[in-house]
Amino acid sequence: MKQKLIQALTANYDTREATSIADYYADAMQGRELTDIESDTLKLLDGYPVQYVTNTSFFYGHKLYVDEHTLIPRPETEELVHWVVSDNKDADAEILDIGTGSGCLLLSILHKLKNAKGIGLDVDPQVQNAFDKNVDILNVEAQFLSLDFLDKEAWASLPSYDIIVSNPPYISKEEVERLGPGVFKHEPHLALFTDDDPLIFYKMTLEFAETHLKQGGCIYFETSDLYHEEMEGMVSKYNYKHEFKKDMQGAWRMLKLWSQ
Ligand SMILES: C[S@@+](CC[C@H](N)C(=O)[O-])C[C@H]1O[C@@H](n2cnc3c(N)ncnc32)[C@H](O)[C@@H]1O
């Protein structure tokens with residue numbers, strides 16, 4: 001099957017990329033019936049991401065469910081999971097994930113922190129299907145909440161948390177060219193873009209934390225290397241201690257904040 005798929009994909013991809021897509025497809029479909037291979041091949045030839053074709057994302061050692069309503073989880077988000085897990089071993093924490101999508105970040109954390117539980121909130125109710133499937137796959141205690149986090153009035157319905165995590169949308173419309181064409185064409189724009197201010201979710205989260213982060217609590221963000229200086233300027237205006245971290249590529253991609 002794999003050789004045939006590689007051969008078909010070389011019509012539109014070089015051999016290396018065709019092989020990598022076919023490898024991913026074969027791994028993702030292992031143990032499943034290959035009833036749609038012809039239509040899948042056409043989608044792959046058309047540039048549709050193999051993660052959506054197979055409804056699969058390999059993330060932090062898990063085989064999670066994704067679909068076209070959810071962002072495809074990225075490797076740097078695994079590094080953020082690792083940071084949260086390393087810092088909070090054995091914590092019986094209540095965790096809030098702002099912009100949860102597939103739940104990959106929150107649910108992978110909960111899978112490691114056996115005494116913790118969490119809420120994944122997202123403005124798009126269509127991501128709940130993937131979130132719920134991943135709750136079952138990882139067998140963790142988590143709930144989904146559909147809520148527009150940028151609507152401050154909605155905050156009143158939320159309690160306080162020990163840990164807040166977030167990989168929010170942080171791409172401005174001017175940055176479209178920096179994205180690969182596949183990302184812009186196929187991934188949900190709601191997950192990628194902010195309207196005007198790329199830091200809006202960070203600012204709103206820090207404001208939210210003033211009333212909704214428990215004493216001794218922590219906030220963990222995925223960040224954009226492109227806005228690192230602006231982020232440094234922004235966090236210094238709030239009353240938190242903080243630490244930025246680089247990812248394995250050497251780019252500033254993570255931020256932790258905690259009370260003074
Ligand atoms: C960058 S994606 C992150 C998804 C997932 N947490 C991950 O790390 O792969 C951002 C998520 O924020 C959600 N989102 C966008 N605007 C929102 C808002 N106003 N309130 C809550 N969630 C929002 C999107 O639907 C999307 O699922």
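**Entry 1: the surroundings of the ligand**

I began with the secondary structure around the ligand, and I noted that β4 (117-122) and α9 (189-192) each supply at least two residues of the shell around it. I should write down early that this is a predicted model. I then sorted the shell by residue type, and its residues divide into 12 nonpolar, five polar and two charged.

Which residues come nearest to the ligand? Of the 19 residues around the ligand, I found that these are G99, D122, D148, F149 and N167.

Next I looked up contacts between the ligand and the backbone. A polar backbone atom of G99 is 2.9 Å from a nitrogen atom of the ligand. For T100, I noted a backbone N or O atom that lies 3.2 Å from a nitrogen atom of the ligand, and for V123 a backbone N or O atom lies 3.1 Å from a ligand nitrogen atom. Is the ligand mostly covered or mostly open? On its own the ligand has 590 Å² of accessible area, and the protein covers 96% of that area.

**Entry 2: the sheet**

I traced the strands next, and I found an open sheet of seven strands in the order β5-β4-β3-β6-β7-β9-β8, with mixed pairing. The edge strands are β5 (142-146) and β8 (240-246), each of which pairs on one side only. Ignoring direction, I noted that neighbouring strands of this sheet are turned by 15° against each other on average.

I reminded myself that strands of a sheet pair through backbone hydrogen bonds, either parallel or antiparallel. I then picked out one pair, strand β6 (residues 161-166) and strand β7 (residues 213-222), which run parallel and are joined by five bridges. In this pair I looked up I163, whose bridge partner in β7 is C218.

**Entry 3: helices on the sheet**

Helix α10 (residues 200-212) packs on the sheet, where I found it touching β3 (94-98), β6, β7, β8 and β9 (252-259). The direction of α10 makes about 165° with that of β7. I also followed helix α11 (residues 228-235), which lies across β8 and β9 and runs at about 165° to β8.

**Entry 4: backbone angles**

Most residues other than glycine have a negative phi, so I looked for exceptions. Y60 is one that I noted, as its phi is positive, near 50°, and I located Y60 in the loop between β1 (57-59) and β2 (62-64). I also wrote down N139, which is not a glycine and yet has a positive phi of about 55°; N139 is found in the loop between α7 (128-138) and β5.

Conventions:
Residues are numbered from 1 along each chain as its sequence is written. This is a predicted model: local features need pLDDT of at least 70, side-chain atom pairs count only at pLDDT 80 or more; totals for chains, interfaces and linings use all residues. Side-chain values use heavy atoms; hydrogens and water are left out. A residue is near a molecule or strand if one of its heavy atoms lies within 4 Å of it. A polar contact is a pair of N or O atoms within 3.5 Å; within protein, one must be able to donate a hydrogen and the other to accept it, and residues adjacent in sequence count only if both atoms are side-chain atoms. Accessible areas come from the Shrake-Rupley method with a 1.4 Å probe; for residues, only the protein chains shown count as cover. Helices (H or I, at least four residues) and strands (E, at least two) are DSSP runs, numbered from the N terminus. Ala, Val, Leu, Ile, Met, Phe, Trp, Tyr, Cys and Pro count as nonpolar, Asp, Glu, Lys and Arg as charged, and the others, Gly among them, as polar. Two strands pair if DSSP finds at least two bridges between them. Axes are lines fitted to C-alpha atoms, for helices over the stretch in contact, and angles run from 0 to 180 degrees between N-to-C directions. Contact means heavy atoms within 4.5 Å.
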